[in-house]
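Here are my notes for you, written as a few numbered points. Keep the structure open while you read, and look up each residue as it comes along.

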Amino acid sequence: MVEPDDLTARARIRDAAMQLFGERGFEGTTVRGIAEAAGVSSGLVRHHFGSKQALREACDAHLVKLIHRLNDQALAGAGGNHVAAARIAVGPYQGYLARALVDGGAAPLFDEMVRLGAQWLADVDRTRPDAPDVAPEVRAAVSTAMALSITVLHEHVSRAMGVDVFSPEGDVLLARALIDLYSHPMLSAEDARKALDGIEQHR
């Protein structure tokens, strides 16, 4: 029997699963526990998602949809994909994301962030005065890892910043710091060339 208000129940199940996956890990979470946290029956969980693995895939798909929305907002506001990528870490699902990343999960989200980042970098490359030495996909993979590391290292980042990075104040401070970092290169073109030459000399 399908319980009423299925669409609301589906979202409630997904959010309960994300909370428990974040707290207990995928292996330590049961369908029964998810059902109890969502206030539904185990049968309804299976009705909507079929299995615990399919439910985790739905959780990842939800985050992919979120990063698309943040990416669109950032690009519309000229904020850049990198800022959107990092700020996914301060959303309401940071616990799920941190645990998934440490456990080697969240692959769909990571891969989609890399794909979006590569597109953004390829557009930026067209106006670069110097041709990049590294493919946009590689640079996007590195920048995505750096952005998502905020979720895993949030306690250390918050301590160093002097504000909880997951708070509204911390979110704004993070965005401002990212914009400053990406708009002011730490190396001049000459210094970068010397560094690259040094790498080649020691290969």
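How many salt bridges does the count come to? Keep that in mind for point 2, and remember throughout that this is a predicted model.

1. Let's start with the overall build. The chain has 11 helices and zero strands, so reading from the N terminus you go α-α-α-α-α-α-α-α-α-α-α. Out of its 203 residues, 39% count as buried.

2. Now for the answer to the opening question: the count comes to nine salt bridges. As background, side chains of opposite charge can pair when their charged atoms come close. The next three points go through some examples.

3. Begin with Glu112 and Arg115, whose side chains meet in a salt bridge at 2.5 Å, N to O. Where do Glu112 and Arg115 sit relative to each other in helix 7? They are three residues apart, which means about one helical turn separates them. Their surroundings are worth a look too: Glu112 is buried, because its relative accessible area of 14% falls under the 20% cut-off. Arg115, for its part, has 38% relative accessibility and counts as partly exposed.

4. Next, find Asp123 and Arg126. These two form a salt bridge with their closest N and O atoms 2.4 Å apart. Is Arg126 buried or exposed? At 64% relative accessibility, Arg126 counts as exposed, since the cut-off for that word is over 50%. Asp123 has 46% relative accessibility, so it counts as partly exposed.

5. The pair Arg193 and Asp133 deserves a bit more of your time. Their salt bridge has its closest N and O atoms 3.6 Å apart. Arg193 belongs to helix 11, while Asp133 is in the loop between helix 7 and helix 8, so the pair ties together parts that are 60 residues apart in sequence. Arg193 is partly exposed at 43% relative accessibility, and Asp133 is exposed at 53%. There is a third member here as well: salt bridges that share partners join Asp133, Arg193 and Asp197 into one network.

6. On to the largest pocket, which has a volume of about 1500 Å³. Its lining is made of 33 residues, and the closest to the centre are Arg128, Arg139, Tyr182, Pro185 and Met186. Try picking out those five in the viewer before you go further.

7. Which helices supply at least two residues each to the lining of the largest pocket? They are helix 5 (81-87), helix 7 (107-125), helix 8 (136-152), helix 10 (168-183) and helix 11 (189-201). Helix 8 gives the most, with seven residues. Sorted by class, the lining has 24 nonpolar, three polar and six charged residues.

8. Last, have a look at the surface. Val134, Val138, Val142 and Met146 make a nonpolar surface patch of about 340 Å². One of them, Val138, lies in helix 8, the helix that gives the most to the lining of the largest pocket. Val138 has 45% relative accessibility and therefore counts as partly exposed.

How values were computed. Residues numbered from 1 in each chain as written. Predicted model: local features only at pLDDT ≥ 70, side-chain atom pairs only at ≥ 80, totals over all residues. Heavy atoms only, no water. 1 Å grid on protein atoms, 1.4 Å probe; cavity = no way out; pocket = protein on both sides within 12 Å on 5 of 7 lines; lining within 4 Å. Points joined across faces, edges and corners; volume = space filled by probe spheres on them. Helix = DSSP H or I, 4+ residues; strand = E, 2+ residues; numbered from the N terminus. Nonpolar A, V, L, I, M, F, W, Y, C, P; charged D, E, K, R; others polar. Patch = residues over 30% accessible without salt bridge, like charges linked within 9 Å, V, L, I, M, F, W, Y side chains within 5 Å. Areas by Shrake-Rupley, 256 points an atom, 1.4 Å probe, with all protein chains shown as cover. Salt bridge = Lys/Arg side-chain N within 4 Å of Asp/Glu carboxyl O. Buried < 20%, exposed > 50% of the residue type's maximum accessible area, 1.4 Å probe, protein only.
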